[in-house]
Amino acid sequence: MDFNVKRLAADAGTFLSRAVQFTEEKLGQAEKTELDAHLEKLLVRAESTKQWTEKIMKQTEVLLQPNPNVRLEEFVYEKLEKKVRTRMNNHELLGQSMIESGNEFGPGTAYGNALIKCGETEKQIGGAEREFIQSAAINFLTPFRNFLEGDFKTILKERKLLQVKRLDLDAAKTRLKKARMADARAAAEQELKMTQSEFDRQAEITRLLLEGVSSTHAHHLRCLNDFVEAQTTYYAQCYHYMVDLQKQLGSFPTSFSNNNQSSVSGGASISVPTIPMSASLPSVSAGRSSSSASGGFSELRSSNGSRKARVLYDYDAGNSSELSLLADEVIVVSSVPGMDSDWLMGERGSQKGKCQCCCS
């Protein structure tokens, strides 16, 4: 009982001594032992590493899950150590809607079939996104979080202990200065020697931990490479899926009806093939019949000459032998012997390729 009381009294005296030392330092009435420059530099680097790791983690989480409510839900599940319920992501939801609407319109129709194909592709992209998020969480976010919740907390603990040892050291120095009697000075010198030793030992422990931040940087660099690789894989998969879809949609027949032209020319509608162009400048007006434009192309084929034509709407080349076109641009077209009668050779600057006339 007496031992415990004495120990409590000693602890209270030590705490009071530290408080007095800390207060006098703040008031400029006591000297303060400064840490060496190398240790101070390591402390600054560790704090900077902690702050930027937190910011990068936060922004990565926003990138992977933009919905703050979902992020909060996942955080709660994580703290409760429960499995987060699986939910469809935005791509998968869009894909599901497209597939259902395509089935409603009829898989046998061009539009319904296209919707189903788009929906299937969106669901594939959703699956790729899910894999990317999982990879990023495991290989990027988890190591960053482990540093903040593990290594850096240990550094904070040892840094606080170093601060306590420094206060004890400086308080011992102050008592030695104030000691007048020989016995008091001898006791103060002994206390100073002990506190100096404890401070030096704690400074060394803290220094070793802080130097370990270099290994943390190296580890985070590897994690960053993993994150970039996961992103590269994800975007490459998305590109592959969309190019595939674009090719599938390009094979669908497309026809339009020019209502303005049919009303002026007596109700005759003009069928617009894949790559429509007007064979004269300006483009065929509502008052001209399609036969006059068709005659222009016929003359061009028979003469083997070339002339300018205006493109009526955009077209992406299906292969390297065709020419991609933009609506309203003017190109030079010419007939090539042996070429299919529906096709002409188009030329835009140094670019050449096949293109199809629109007239019937």
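Lys-165 is a buried residue, at 17% relative accessible area, where buried means under 20%, exposed over 50% and partly exposed in between, using a 1.4 Å probe and protein chains only. This is a predicted model, so local features need pLDDT of at least 70 and side-chain atom pairs count only at pLDDT 80 or more, while totals for chains, interfaces and linings use all residues. Residues are numbered from 1 along each chain as its sequence is written, and side-chain values use heavy atoms, with hydrogens and water left out.

Lys-165 has a charged partner. It forms a salt bridge with Glu-198, with 3.4 Å between the closest N and O atoms; a salt bridge here is a side-chain nitrogen of Lys or Arg within 4 Å of a carboxyl oxygen of Asp or Glu. Because Lys-165 sits in helix 5 and Glu-198 in helix 6, the pair ties together parts that are 33 residues apart in sequence. Helices (H or I, at least four residues) and strands (E, at least two) are DSSP runs, numbered from the N terminus. Glu-198, for its part, is partly exposed at 27% relative accessible area.

Another bridge links these two helices: Glu-191 pairs with Arg-175, and their closest N and O atoms are 2.3 Å apart. With Glu-191 in helix 6 and Arg-175 in helix 5, this pair ties together parts 16 residues apart in sequence. Both ends are partly exposed, Glu-191 with a relative accessible area of 24% and Arg-175 at 34%. Elsewhere, Glu-204, Arg-207 and Glu-211 are joined into one network by salt bridges that share partners. The structure holds 10 salt bridges.

Next comes the way the helices pack. Two packed helices are described by the angle between their axes and the distance between the axes. The axes of helix 5 (residues 110-178) and helix 6 (residues 182-211) come within 8 Å and cross at roughly 160°. Axes are lines fitted to C-alpha atoms, for helices over the stretch in contact, and angles run from 0 to 180 degrees between N-to-C directions. Helix 5 and helix 6 are therefore roughly antiparallel to each other: angles over 145 degrees count as roughly antiparallel, under 35 as roughly parallel, 65 to 115 as roughly perpendicular and the rest as oblique. Their crossing is left-handed, meaning that the near helix is turned anticlockwise from the far one by less than a right angle, whereas clockwise would make it right-handed.

Helix 2 also packs against helix 5, their axes coming within 10 Å and crossing at roughly 150°. That makes helix 2 roughly antiparallel to helix 5, and the crossing of helix 2 and helix 5 is left-handed. Within helix 2 (residues 37-64), Glu-54 and Lys-50 are four residues apart and so separated by about one helical turn. They form a salt bridge, with the closest N and O atoms 3.7 Å apart, and Glu-54 is partly exposed at 35% relative accessible area.

That leaves helix 7. His-217 is found in helix 7 and is partly exposed, with a relative accessible area of 37%. The C-alpha atoms of His-217 and Thr-49 are separated by 8.4 Å, although the two are 168 residues apart along the chain. Leu-224 is found in helix 7 (residues 213-250) and counts as partly exposed at 40% relative accessibility.
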